[in-house]
Amino acid sequence: MKEPPRRRSAAKAGTGYAVIWCRDFRLQSLKRRGARDFPIALVDDTQRQSIVLCANALAARHGVAPGMPTVQALARCPGLRVERPSEASELAASRLLLETALGWVPGIEETAPGILTLDLSTQPLDQWIESAWHLRDRLARAGLEVAVGLGETPALARIAAQAALHEGVEVWHLAPGDRLARLDRLPFLVAECGAKLREKFQLWGLATLGSFARLRREEVAARLGDEGVELWLRLTGRLRRPLALAKLEELFEEHHDFDYEVHESEPLFFLLRRFLGSLAGRVAATGRSVAAVHWLVSFADGTFQGRRLALPEPSLDEEVLFRLTSVSLEGLEMKAAIRGLRLRFEPSDPVATQRPLFGKGLRNRHLHGETLTRMRKIVGADRIGSPRRIDSHRPGACERLPLAAELGETEGPPPGPPVTGPTLRRYPLACRTSVQVREGKPLRVESARLTGVVIEAHGPWKSGGDWWHRGQSWERREWDVALLNHGIFRLVETPQGWSLEGYYD
Amino acid sequence: MPDPSDKLAALAALRRELGGKVRSGTEFLEECTRRDPGEATTLAGLDALLGGGFKRGRLTEIHVPGPSRGGGLILASLLARARQAGQYAILFDVGSGFSIESFPDRDLESLLWVGCDSAAQAVAVWDVAARDENYRWFFLDGRDCTPEDWRAVRPAQWQRLVGQMREREAVGVIFARGPVTAVAKDRLELVSTLGLDSLHQDRETIVASLAFRRVEGGGREKAGRREGGERRMAG
């Protein structure tokens with residue numbers, strides 16, 4: 001039975017939670033592999049006697065029930081397919097569950113295998129039910145049948161999910177306005193309370209959760225103790241707890257161990273392609289992009305090599321991701337045979353990476369990253385960068401930073417003192433110079449680069465610094481000189497002697 | 001067998017008939033360039049000589065015959081213009097003579113500096129960068145390069161570079177002592193000389209006083225001959 005969506009009111013976020021409950025999760029994780037149209041039972045044969053853990057509806061129709069010996073189950077249902085729990089299938093199913101839920105909200109707790117609790121505080125209240133249906137449909141298409149419960153607290157959302165399972169509906173909302181009325185329809189079994197407590201309720205004539213929630217707390221505490229109070233608090237929405245949010249770091253991860261020794265990179269690239277396609281699709285389903293790629297290659301001698309490759313801009317372009325990762329993998333040092341590959345995607349934070357609509361910046365950050373890599377191979381990594389002044393008076397002191405991806409507005413003149421005069425162009429190596437001095441002023445300059453008569457000189461400009469760092473202190477006297485038929489130059493006098501630093505142009 | 005002169009006459013008649021309807025690729029490119037107003041600078045004299053500003057998709061040479069002619073000031077003006085327009089620029093600095101204290105911090109925000117050992121290396125790395133759509137301005141500072149340094153660059157590299165620049169509609173400016181390559185269609189020479197007093201003058205005032213001269217013929221023919229000779233050898 002599909003519950004009609006509520007009429008939309010003002011789009012405001014409310015405090016609330018959703019519980020996604022995948023009944024018989026271990027069995028459903030196996031069913032995803034195609035076992036849907038015949039009776040199937042999951043058995044535990046680690047004990048002396050093999051017993052049925054759970055069974056699907058077709059098997060149940062033949063009388064197969066949990067806890068039953070497997071032999072008996074097979075006798076009741078001759079066509080029963082017996083399966084053992086598969087950790088790999090369960091892991092894949094739980095990841096699918098988490099990834100799909102991540103497309104709705106970011107705050108998710110993995111409460112138990114097959115059970116997620118979602119914090120809906122970031123979602124508009126009037127979209128909860130619609131989003132719940134959407135999520136349920138997506139999971140159903142992926143092969144997981146779930147029930148979604150919505151409530152003010154994690155406990156109420158869990159009760160709502162149990163109610164949905166109990167009544168055979170997909171979405172159940174315990175809204176604050178009609179909570180008691182809805183609880184009046186639910187038996188105590190839904191609240192997962194103990195058998196003894198349920199027996200007491202039966203003896204007292206209490207049949208529904210609603211009738212219990214209407215009791216006064218003091219009366220419940222006097223007659224039922226802590227267990228009763230805890231249930232009462234849950235039903236009245238007074239029991240709140242913080243969610244232990246799931247770690248998403250290892251969510252988008254694939255790994256493969258080779259059955260044979262691999263000595264070439266070709267199989268690695270083949271595997272990489274496969275992983276990229278699968279992981280990119282999974283990240284895309286959450287409405288995010290890939291911010292970084294982690295790869296880890298394990299070798300037969302027990303060693304590992306790995307790297308984290310940050311993307312210039314989050315992307316889902318498989319070609320970009322492949323180029324980035326394959327270029328990095330090409331530099332792999334294969335001292336031993338490859339044993340396995342592990343690939344992980346770091347999803348982006350969609351809000352943090354939102355770019356201004358009319359901002360000026362790099363048009364294609366991926367291309368820029370690739371261009372830089374190629375240029376570095378030609379000139380060297382230390383000879384590329386956006387120059388920035390550093391906090392020092394040492395002439396020419398600067399650092400080279402990555403180019404700013406966004407450029408701000410440039411209204412008015414540049415901040416700081418006005419820049420006057422021509423620019424200085426430094427010689428690559430300071431040119432040792434012999435200087436003839438008269439009355440403290442340079443008169444003639446002789447060096448391997450040029451020789452000339454000084455027709456005018458301004459200076460000296462004294463500077464020094466870093467004397468507080470052992471062995472790094474510097475001291476100099478600068479002269480700006482005009483040399484006949486040559487131009488304007490900067491002449492520097494240091495304790496080591498005179499040198500021609502460069503020319504003004 | 002038909003007379004070849006008849007064929008030529010027929011071809012000429014056809015051309016007359018078609019008139020301006022059909023143009024060669026070269027004519028088309030030249031017309032596109034003529035129509036392009038170019039990237040105007042704040043330097044009135046320079047813009048006038050270039051017909052409105054630096055043409056997109058072309059290389060322009062600025063010849064700085066010696067120190068203290070104002071080559072660095074032109075570079076500083078162009079960097080400021082690029083930053084003001086929110087466009088990124090790359091400077092290929094042969095000899096790494098770039099001096100950070102000569103430029104305002106803000107103008108450096110959109111600049112990527114690339115230190116190069118030689119002219120050949122600068123052109124090689126420019127060839128890589130020219131394929132990147134993020135950059136609008138490319139500057140090659142080869143003021144300290146000798147003619148021998150420029151000769152080490154293969155003509156095919158320049159041709160490829162111009163092709164990339166045309167595709168991206170980027171502006172390329174080469175600062176050099178003299179002629180560099182035949183593919184540069186615009187060449188200007190700085191003819192003014194700066195005095196020591198200019199060190200304390202407002203930069204805008206100095207830039208406004210700079211004088212240029214358009215270089216025609218000689219340098220280009222020389223470069224053309226050299227490259228033509230290399231092409232023949234390669235053939």
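A polar contact is a pair of N or O atoms within 3.5 Å; within protein, one must be able to donate a hydrogen and the other to accept it, and residues adjacent in sequence count only if both atoms are side-chain atoms. This is a predicted model, in which local features need pLDDT of at least 70 and side-chain atom pairs count only at pLDDT 80 or more, while totals for chains, interfaces and linings use all residues. Residues are numbered from 1 along each chain as its sequence is written, chains are lettered from A and ligands numbered from 1 in the order in which they are written, and side-chain values use heavy atoms, with hydrogens and water left out.

**View 1. Arg282(A) and its polar partners.** Here we meet Arg282(A) in helix 11 (residues 266-285) of chain A; helices are DSSP runs of H or I with at least four residues, strands are runs of E with at least two, and both are numbered from the N terminus. Its side chain makes polar contacts with the side chains of Glu99(A) at 2.7 Å and Glu254(A) at 2.8 Å.

**View 2. The surroundings of Arg282(A).** Arg282(A) counts as buried because its relative accessibility is 17%, and buried means under 20% relative accessible area (1.4 Å probe, protein chains only). Leaving aside residues up to four places away in sequence, Arg282(A) touches residues including Arg95(A), Leu251(A) and Phe252(A) (contact means heavy atoms within 4.5 Å).

**View 3. A sheet of three strands.** This open sheet in chain A has the order 3-2-4 and mixed pairing; two strands pair if DSSP finds at least two bridges between them. Strand 3 (51-55) and strand 4 (81-83) of chain A are the edge strands.

**View 4. Strands 2 and 3 of chain A.** Four bridges pair strand 2 (residues 40-44) with strand 3 in the antiparallel sense. Look for Ala41(A), whose bridge partner in strand 3 is Ala55(A).

Terms used
Buried means under 20% relative accessible area, exposed over 50%, partly exposed in between (1.4 Å probe, protein chains only).
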